Amino acid sequence: MLKFDIQRFAVPFRRTSKTKKRMRRTHLKKEVGAITTCAKCGAAIRPHRACTKCGNYKNQEVIKTTEEK
Ligand SMILES: [Zn+2]
């Protein structure tokens, strides 16, 4: 009677090994976002966004940058 009361939920048959645990967690990682280079200054930027260094997007200045080189 007591035996049935204890196991009311699923219990793992055996401990998950280090290797199995690590194999499962190979997919649990943060994705690296896409990176391209600015056409004007060559800085690393995210695609479809204005350059944070020179403020250019598709060879047009869309953001006024106060910093002069
Ligand atoms: Zn740029």
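## Where Cys51 sits

Cys51 lies in a loop. That loop runs between strand E2 (44-45) and strand E3 (56-57). The model is predicted.

## Buried or exposed?

Is Cys51 buried or exposed? Cys51 counts as buried because it has 22 C-beta neighbours inside 10 Å, and the cut-off for a buried residue is 20 or more. Buried residues make up 3% of the 69 residues in the chain.

## The company Cys51 keeps

Which residues does Cys51 contact, leaving aside its neighbours within four places in sequence? Two are cysteines: Cys38 and Cys41. Lys40, Ala43 and Ile45 are also in contact with Cys51. So are Asn56 and Tyr57.

Glu61 gives a distance to set beside these contacts. Cys51 and Glu61 are 10 residues apart in sequence. In space, their C-alpha atoms are 9.2 Å apart.

## The chain as a whole

Now step back to the full chain. It holds 2 helices and 4 strands. Along the sequence, their pattern is α-α-β-β-β-β.

How do contacts spread along the sequence? Take the contacts in the chain with a separation of 6 or more. Residues 24 or more positions apart account for 0% of them.

## How confident is the prediction?

The mean pLDDT of the chain is 83. Of its residues, 84% reach 70 or more.

Which element has the lowest mean pLDDT, and which the highest? Helix H1 (residues 2-6) has the lowest, at 59. Helix H2 (residues 18-24) has the highest, at 96.

Methods: Residues numbered from 1 in each chain as written. Predicted model: local features only at pLDDT ≥ 70, side-chain atom pairs only at ≥ 80, totals over all residues. pLDDT = per-residue confidence, 0-100. Buried ≥ 20, exposed ≤ 12 C-beta atoms within 10 Å, placed from the backbone. Contact = placed C-beta atoms within 7 Å.
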